[in-house]
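Trainee: I have just opened this entry and would like some help finding my way around. Could we go through it together?

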Amino acid sequence: MVLAQDDVKKPAGRRPGGGPGGGAVRAWIRRAWPSLAVFVAAFLLWELAVEVFGISSFELAKPSEFLAEMWRSRDMLGDAAWVTTQEILYGFLLSFAIGVLLAVLIVRFGWLERALYPLIVLFQVVPKVALAPIFILWFGYGLAPKLLLIVVITFFPITLNTIVGLKAIDQDLLLLMRSVGSSRNQILTRIQIPTSLPYLFAGMRIAITLAVIGAVVAEFSGAQNGLGYLIQFASTQLDTPLMFAALTLVSLLGLILYYGMSLLEFLLRKRFPHITADTTR
């Protein structure tokens, strides 16, 4: 049987950039361009408003001025950003360990929840700015008071979200595990902890942004380097472009760490299928 030439199906050709990598790049561009467009438009309006209304750089620096200052002072800003980044990461890792441990202990032992939960809430409602000089008085001007302040600020969302996740267990599954003779530790490790992972990562994304705030607040109170120290130093010297340059770096650092946490969640999703990363972020 002879087929007409038009009846023969030809293999579909792949257009350049049509592979998985190209599709991922195009998808990322589609998600990112609205935010980038708003960001660029806001900077252009800022620049134009300062120029049109004749606002002096002493009161409000133009984006072009503090971006130029970022380039001129790149070495100083880079050193300060590295110091602040180390404080944030060390404090966040310590907060993660303390927060998860507290959550597991509270859920595992009911009497600990009644004993510790009010104290955990109390730590959250205490004004953190007031604690910074106290920690410096106790521990000096080194790294310890900064880490302690970051922990006090950031451990709460990790602890609270993990507790909620550990308690969000399917009751039918819990009854099934108990019916086959599973111990409380087996239920905790095999069911509750995997179930809590999405809640844990939600708390970690909140905590990493709070860690940035904690590091800057700690450096305001007493430091010899860091972006918070640089912001305070620039304000005392009435150097508005440098102050805005340091503020911009702090904001970018927080943004990078937040999306870095989302990327970590996405990568671990393949290893731990209980993690449900939102790919639209």
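Mentor: We shall take the overall make-up first and then turn to individual helices; please note that this is a predicted model.

Trainee: How many helices and strands are there in the protein?

Mentor: The protein has 10 helices and 0 strands. Along the sequence the pattern therefore reads α-α-α-α-α-α-α-α-α-α.

Trainee: And what share of the residues counts as buried?

Mentor: Of 281 residues, 37% are counted as buried.

Trainee: Turning to helix packing, at what angle do the axes of H6 and H8 cross?

Mentor: Helix H6, residues 143-167, crosses helix H8, residues 184-221, at roughly 155°, and their axes come within 6 Å. Because angles over 145 degrees count as roughly antiparallel, H6 is roughly antiparallel to H8.

Trainee: Is that crossing left-handed or right-handed?

Mentor: The crossing of H6 and H8 is right-handed. Their contact comprises 20 nonpolar, 9 polar and 2 charged residues.

Trainee: How do H3 and H10 pack?

Mentor: Helix H3 (residues 74-108) meets helix H10 (residues 240-271) at an angle of about 40°, with the axes 11 Å apart. H3 and H10 are therefore oblique to each other, and H3 passes H10 in a right-handed crossing.

Trainee: One more topic: where does H4 bend?

Mentor: H4 bends by about 40° at Leu116, and Pro118 follows within four residues.

Trainee: What span should the 16 residues of H4 have, and how far apart are its end C-alpha atoms?

Mentor: At 1.5 Å a residue, helix H4 (residues 110-125) should span 22 Å. Its end C-alpha atoms lie 23 Å apart, which agrees.

Notes: Residues numbered from 1 in each chain as written. Predicted model: local features only at pLDDT ≥ 70, side-chain atom pairs only at ≥ 80, totals over all residues. Heavy atoms only, no water. Helix = DSSP H or I, 4+ residues; strand = E, 2+ residues; numbered from the N terminus. Expected span 1.5 Å × (residues − 1). Bend = angle between axes of the 7 residues up to and from the residue. Axes fitted to C-alpha atoms, helices over the stretch in contact; angles between N-to-C directions. Parallel < 35°, antiparallel > 145°, perpendicular 65-115°, else oblique. Left-handed = near helix turned anticlockwise from the far one by under 90°. Nonpolar A, V, L, I, M, F, W, Y, C, P; charged D, E, K, R; others polar. Buried < 20%, exposed > 50% of the residue type's maximum accessible area, 1.4 Å probe, protein only.
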